[in-house]
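Trainee: Got a minute? I'm new to this one and want a quick tour.
Mentor: Sure, pull it up.
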Amino acid sequence: MNAEGSATSGRRGWGGIVWAALVRALMTFFLINVAGVIASVVVSSFATRWLGTWLPAGYTMRWYGSAWDEFQLGDVLEVTVEIVLIVVALSILIGVPAAYALARKDFPGKRAVTLLFLLPLLVPPITYGIPLATVLYRLRLGGTETGVILANLVPAVPFVVLVMTPFIEQVDPRLEAAARVFGARLHRVFLHVLLPLLAPGILAAGLLVLVRTIALFELTFLVAGPDSQTLVVALYYSVFAAGVRATQSIDAMAVTYMVTTLVWLLLALRFVDPTQLVTRVKREAR
Amino acid sequence: MAARELREAGLDRTVLLTVPGVLLVLLLFIYPFAYGLFLSFAPKTGGIWANYARFFGDERLYGTIAKTFWIALPATLLNLALALPMAYQLRRATRLQRAVTTALVVPITLGTVLVAEGMLNYLGPQGWLNRLLIDLHLVAAPVRLIHNYWGVLLSLVVTGFPFAFLLTLSYVTGIDPVLAQAAATLGAGRGRQFLHIYLPLLAPGLAITFCLSFVQAFSVFPSAILLGAPAGPTRVISIAAYQAAFEDYDYSMASAIAMLMGLAQLIVVVAVLGLRGVFYRGPAAGAKG
């Protein structure tokens, strides 16, 4: 790294310095605006009255109470937690074994299976969400929590497979071979050898799926009924019907959603690299 | 079905571990797509092509394709044009790189609905941005940035740029800096190192980044409704599909629109990946670690 720097730094003229400054300025400009977008929601949620001034006239906590009642946030949060936890658990139960097989074995049709797991991540949810919702409604699962869970599994399982496959490839297969030599069956190898070794990877994959499922709007929106809405869908409806309720009340709900998402994101970032949220794509490049 | 085939091929039982996952994708992804395609040819009234004929005969329907392109294409190009120099600048693993990537994950994670609500506040006539522009005497009256084309475009930049940046960064960091070092030893300046070493090696990654960014932008949905003018210039194709399904309860027509949406995305992806082949042939991943 240093060698590169010293070999090239001498060639850096005024143009290069101006260019570097320009690029940094653009990035700063972008981040300031994003911070502004987020901060305006937070400030508004604590505002007593905010019209025509830089900052609100005063601050209050009461919008959180009113948002809690108006939007039945207690119920919505309960449904969200239920759906998200079930999706995380099922996607790991289904995804990790599949990733194991893909990491360890070569078999006819492996490329087809890999492609099958890539497709749901490549095609945007709204494109397949409409036919999927149609099928789920025909099966009378539309509008139910089961339907929402099934829909959310479609991107979650392939995501777990794609995150876990390279992780499992790193685990030395000789450890499993040794356990097998001593007579351990496949499920015992899985439980006593692999699971402890894979725990960090499973934790990371689970947290990433958790964050992505809380924030996944389109599929839940298309499939959910009034009793099976997650937080992000409830937020959409309240923004859509803006004007019916006070802006501050909607913003209090938005902050609730933001905190729910960011807490898990912060936790996930302790275990994974930020680029891993889009890592799937790096794999596809192969 | 898959299980029996595999057993007949005399395969290790381990391979059976993929069966639940494969079944899930087949039943909940492939089957709905096939069903939707079939359904699109079984319209409520008329012959098998009636839905498609109606789509291309009604300006409110076929016009959505051009409107969607008109939002998605500039957004994608802008995001890529911003992402490439920034990712290149931050290609070394520094604390700044870590800080920037962490900051950029936030808008992606929060998602389009929250960004839309924030932008309604921030970009609105009473928002901080307009307030600043007026106080700096750059404009006399608030600039209209929401409930029109610009609101949707900006929202696609706020969520799309971080995505394009993180992807591009993962490709840039995959290129061995020794190659640029060698070029520098031979007298290549910074500009030429980028143009002749990095850019050709990045081309395949950039093509994929373009495709994924475009496909996402083309399926813009919540922000086109919340930040745009969903009855006018930002009536994108996903809104038409949604309305057909959940307002007219015409699932057959909705499937036809969804299929056309998928087809339009596919055409662009195939075109871009084909173009990549024209401009660059060679060991694309040769320098990846």
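Mentor: We'll take the contact between the chains, then the domains of chain A.
Mentor: Keep in mind that this is a predicted model.
Trainee: OK. How many residues does each chain put into the contact?
Mentor: Chain B puts in 98 residues, and chain A puts in 99 residues.
Trainee: And what area is buried between chain B and chain A?
Mentor: About 8,500 Å². Carbon and sulfur atoms give 77% of that.
Trainee: Which helix of chain B gives the most to the side that touches chain A?
Mentor: Helix α5 of chain B, residues 95-122. That helix supplies 21 residues.
Trainee: How do the residues on that side of chain B divide?
Mentor: Into 68 nonpolar, 21 polar and nine charged.
Trainee: How many salt bridges cross between chain B and chain A?
Mentor: Zero by the rule used. There are 10 residue pairs in polar contact, though, both residues at pLDDT 80 or more.
Trainee: New topic. Where are the domains of chain A?
Mentor: Domain 1 covers 12-60 and domain 2 covers 72-284. Their C-alpha centres lie 32 Å apart.
Trainee: What do these two domains of chain A bury between them?
Mentor: About 540 Å², with 67% of it on carbon and sulfur atoms.
Trainee: Which three residues of domain 1 supply more of its buried area than any other three?
Mentor: A:Val41, A:Ser44 and A:Ser45. Together they supply 65% of what domain 1 of chain A buries against domain 2.
Trainee: And how many residues are in contact there?
Mentor: Nine from domain 1 of chain A, with seven from domain 2.

Notes:
Residues numbered from 1 in each chain as written. Chains lettered and ligands numbered in written order. Predicted model: local features only at pLDDT ≥ 70, side-chain atom pairs only at ≥ 80, totals over all residues. Heavy atoms only, no water. Contact = heavy atoms within 4.5 Å. Buried area = accessible area lost by both parts, 1.4 Å probe. Salt bridge = Lys/Arg side-chain N within 4 Å of Asp/Glu carboxyl O. Polar contact = N/O pair within 3.5 Å; in protein donor to acceptor, adjacent residues only side chain to side chain. Helix = DSSP H or I, 4+ residues; strand = E, 2+ residues; numbered from the N terminus. Nonpolar A, V, L, I, M, F, W, Y, C, P; charged D, E, K, R; others polar. Domains from an automatic or database assignment.
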